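Thanks, everyone. I'll keep this short. Please have the structure up on your own screens as I talk.

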Amino acid sequence: MSEVLIGILIKYTKFHGKPIPEEPMALLSLLPKTEILATIVKINSLLQPMGYRSIDDSRKTQIECLKAILLQDQENAPEEYVLRFKQYAEYLLNLSEFVSIFTRVTCLYALNEILQSDDFYKEEKRQYTFEERIPILDYLLICNEKILEFSENSTLEEIVDNKIDFFEFNAFNQVPHNQYYFNVNLLSKLYRSRYFLNVLLANEKTSHHLKKYFKVKFNISDIPEFYKVFFWSFMQMNDETLKTYYLNIPKDENGVLNVIRGFASPTIIDKVNHEDVGVLDFLVVKKNPIYEWQFYASDEFVGFLILDQKFLLDKIDGLFINDFWFDYLKEHSQMNRKDWGNFIGSEYFEPFVGEIIQNSLRDRRDYSVKMFNDLKIKYDRNNEVEIADVYVRHKQRILLAEVKSNFINMIDGYKSITSLEDFKNLDLEKFYKSFGLKQLVEKTIKQFHNYKGYLKDDGLDLNRKVSLFPVVIVNEPILSSGLFQFPLRLKFESMLERENIQMKTKEHLIWPLLIINIEELQELEQSLKDNSVGLFDILMSFHDKTRILRNTKQKSNSHNELLSLTNIINQKLDVKKLFPERLREYEWVLSNE
């Protein structure tokens with residue numbers, strides 16, 4: 001399993017030893033659109049198997065993806081087809097374990113193009129020959145070629161000559177495609193969506209507007225019922241035979257069908273510009289993550305092929321966040337864009353983080369927990385400061401965290417770095433401030449010994465040395481990946497040095513920075529609650545695995561330095577506990593409130 005793409009994609013020119021065709025889509029012109037879509041979706045589904053949280057890039061799955069193209073019906077295939085397939089499979093098996101042909105990004109790139117075209121064969125038939133289907137493989141190899149063009153523009157020597165930190169540059173340079181490799185716990189993500197829906201329905205600033213928006217746009221009066229129908233359809237989406245995912249929506253659920261058909265309604269954009277890194281935003285698939293398909297229809301149900309399950313869940317989130325804001329709330333409320341962002345942070349994300357931490361540690365009397373308003377300290381009548389968002393203490397070990405609900409956006413250029421010049425133009429100080437590093441260093445850590453006496457934590461011995469664990473809890477999953485975790489840790493240490501803060505003194509030991517995304521926090525909850533693992537044991541395990549070895553006599557394992565907390569969760573936690581027991585009865589789905 002892989003969390004981020006650290007390996008190598010096989011390109012068309014490498015595979016065939018010749019340039020790519022001028023019109024790659026023409027390779028597919030003799031196949032019907034539904035056949036191409038179904039094949040690529042099957043590959044995408046094999047890479048994201050039901051019940052797994054991460055991309056399955058194992059060699060076995062790569063072979064299954066190849067089989068999905070070249071050997072659909074192995075039992076009845078002519079011997080010639082089997083022998084030719086084995087030649088292709090042998091090539092794959094001889095590649096390094098870090099080399100792949102098929103990735104989620106490969107599939108998304110292909111789907112994004114295919115959805116915008118109708119220049120395909122119009123008639124369908126039951127079976128296609130080996131020669132008819134090989135072009136699908138060639139087309140995917142071309143997609144790999146196009147993807148990699150955006151991350152092969154700068155050599156290590158050029159980066160060093162420009163006095164740019166390699167790991168920092170690499171993190172941003174890889175964002176356009178690495179953003180699609182993070183882990184997703186489907187149940188955790190569904191719960192977050194429903195939690196946010198409950199916030200919108202309960203808050204007087206949004207409740208009336210949301211109900212009116214759903215009624216006017218979709219003719220839906222019961223929004224929780226809509227969510228319930230979607231949830232149960234999604235949970236039954238797995239086609240074991242075809243190895244694809246689908247939705248079956250009852251034909252009498254008119255309001256729900258209005259929403260879902262909107263997800264499948266074709267999005268027309270200008271012709272794809274393959275020179276623009278924005279092509280990797282996959283706008284068409286994001287807007288249309290499902291495809292209405294008669295194959296899954298019946299007298300009672302309308303059938304939809306799920307092109308990408310993660311994008312579909314993002315679309316449900318977007319319905320309550322982006323669509324609701326842009327289509328309705330922006331024009332019908334007093335909120336501006338900044339107010340809406342603050343609302344998401346203060347009314348949804350911070351309480352959600354607080355719920356997880358409280359449920360994790362409520363029964364642990366040896367822990368002291370303070371969050372948000374409890375950490376607002378008054379030095380005198382006129383001066384109040386919030387020293388951190390989260391404070392968790394066990395003995396003399398203290399977690400100090402900032403909580404950030406924002407995402408990396410395209411507007412400021414952070415997701416579109418393809419050259420050293422692009423990188424130089426970034427406002428990195430703004431980036432580090434927006435994701436909490438500046439606050440952690442200049443306020444939380446630097447002033448700790450000034451405010452620790454105001455914490456009203458009787459268990460903290462003010463005269464003894466403390467171990468401080470700086471953490472940022474984020475909504476943006478790419479930030480907690482190893483490719484970002486490592487340079488952010490280095491940046492944090494340089495910011496401490498700039499503020500003349502020593503990491504080790506007689507008063508404190510400051511541990512390296514850790515970025516935790518919200519899904520990782522959710523997955524820790526049950527194990528922390530059961531005391532089958534300790535919070536600080538998890539943190540120290542992570543730091544032990546990823547420590548930066550500065551002693552030149554020791555060999556530094558750069559791969560370990562690029563691990564994320566998810567890797568530790570996979571090693572230390574029981575997989576059955578990754579979704580908390582309090583939510584397993586699904587009352588949060590059945591509730592009408």
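I'll go through a sheet, a few salt bridges, some buried packing and a surface patch. One caution before that: this is a predicted model.

Let's begin with the sheet. It has four strands, in the order β3-β4-β6-β5. The sheet is open, and the pairing is antiparallel. Which strands sit at the edges? They are β3, residues 238–239, and β5, residues 290–292. Each of these pairs on one side only.

Look at the β3 end. β3 pairs with β4, residues 244–250, in the antiparallel sense. Two bridges hold that pairing in the assignment. For a landmark, find D239: it stands opposite T244 in β4.

Now bring in a helix. Helix α2, residues 33–47, lies across β4, β5 and β6. Here β6 covers 301–306. The helix runs at about 110° to β4.

Take one residue from that helix. T34 is in α2. Is T34 buried or exposed? Its relative accessibility is 15%, so T34 counts as buried; the cut-off for buried is under 20%. What does T34 touch, apart from residues up to four places away in sequence? The contacts are E124, Y291 and W293. Y291 falls within the 290–292 range of edge strand β5. For contrast, take K228. T34 and K228 are 194 residues apart along the chain, and their C-alpha atoms are separated by 29 Å.

On to salt bridges. The whole structure has 23 of them. I'll pick out a few.

Stay with β5 for one of them. R261 forms a salt bridge with E292. The closest N and O atoms are 3.1 Å apart. R261 belongs to helix α12, residues 254–264, and E292 to strand β5. That pair is 31 residues apart, and it links distant parts of the chain. How accessible are the partners? R261 has a relative accessible area of 39%, so it is partly exposed. E292 is at 32% and therefore also counts as partly exposed.

Next, D281 and K286. Their side chains meet in a salt bridge, at 2.8 Å from N to O. K286 is partly exposed, with a relative accessible area of 25%.

Then E499 and K446. Their closest N and O atoms are 2.7 Å apart in a salt bridge. This pair connects two loops. E499 is in the loop between α20 (482–498) and β13 (508–510). K446 is in the loop between α18 (437–445) and α19 (448–451). The two residues are 53 apart in sequence. K446 is partly exposed, at 39% relative accessible area.

There is also a network. It links K189, D314 and D317 through salt bridges.

From that K446 loop, step back into α18. Which residues of α18 are buried? They are L437, Q439, L440, V441, T444 and I445. What do they pack against? The partners are β11 (397–404), α17 (428–434), α19, β12 (466–474), α20 and β13. Note α20 and β13: those elements flank the loop that holds E499.

A quick look at another strand. β7, residues 367–371, is mostly covered. Four of its five residues are buried. β7 pairs with β10, residues 390–394, in the antiparallel sense. That pairing has five bridges. To find the register, use K370, whose bridge partner in β10 is Y391.

Now helix α9, residues 186–202. S188 sits in it. S188 has 0% relative accessibility, so it counts as buried. What is S188 in contact with, leaving aside neighbours within four places in sequence? The answer is E519, Q522, L578 and F579. Look at Q522 in particular. S188 and Q522 are 334 residues apart in sequence. In space, their C-alpha atoms are 7.0 Å apart.

Finally, the surface. L156, V160, F166 and F167 form a nonpolar patch. Together they have about 340 Å² of accessible area. Two elements each give two or more residues to that patch: α7 (156–161) and α8 (166–178). One of the patch residues is F166, in helix α8. F166 has a relative accessible area of 33%, so it is partly exposed. Why can it still join the patch? Because the cut-off for patch residues is over 30% relative accessible area, and F166 is at 33%.

That's my tour. Questions, please.

Notes
Residues numbered from 1 in each chain as written. Predicted model: local features only at pLDDT ≥ 70, side-chain atom pairs only at ≥ 80, totals over all residues. Heavy atoms only, no water. Patch = residues over 30% accessible without salt bridge, like charges linked within 9 Å, V, L, I, M, F, W, Y side chains within 5 Å. Areas by Shrake-Rupley, 256 points an atom, 1.4 Å probe, with all protein chains shown as cover. Salt bridge = Lys/Arg side-chain N within 4 Å of Asp/Glu carboxyl O. Buried < 20%, exposed > 50% of the residue type's maximum accessible area, 1.4 Å probe, protein only. Pairing = 2+ DSSP bridges. Contact = heavy atoms within 4.5 Å. Axes fitted to C-alpha atoms, helices over the stretch in contact; angles between N-to-C directions.
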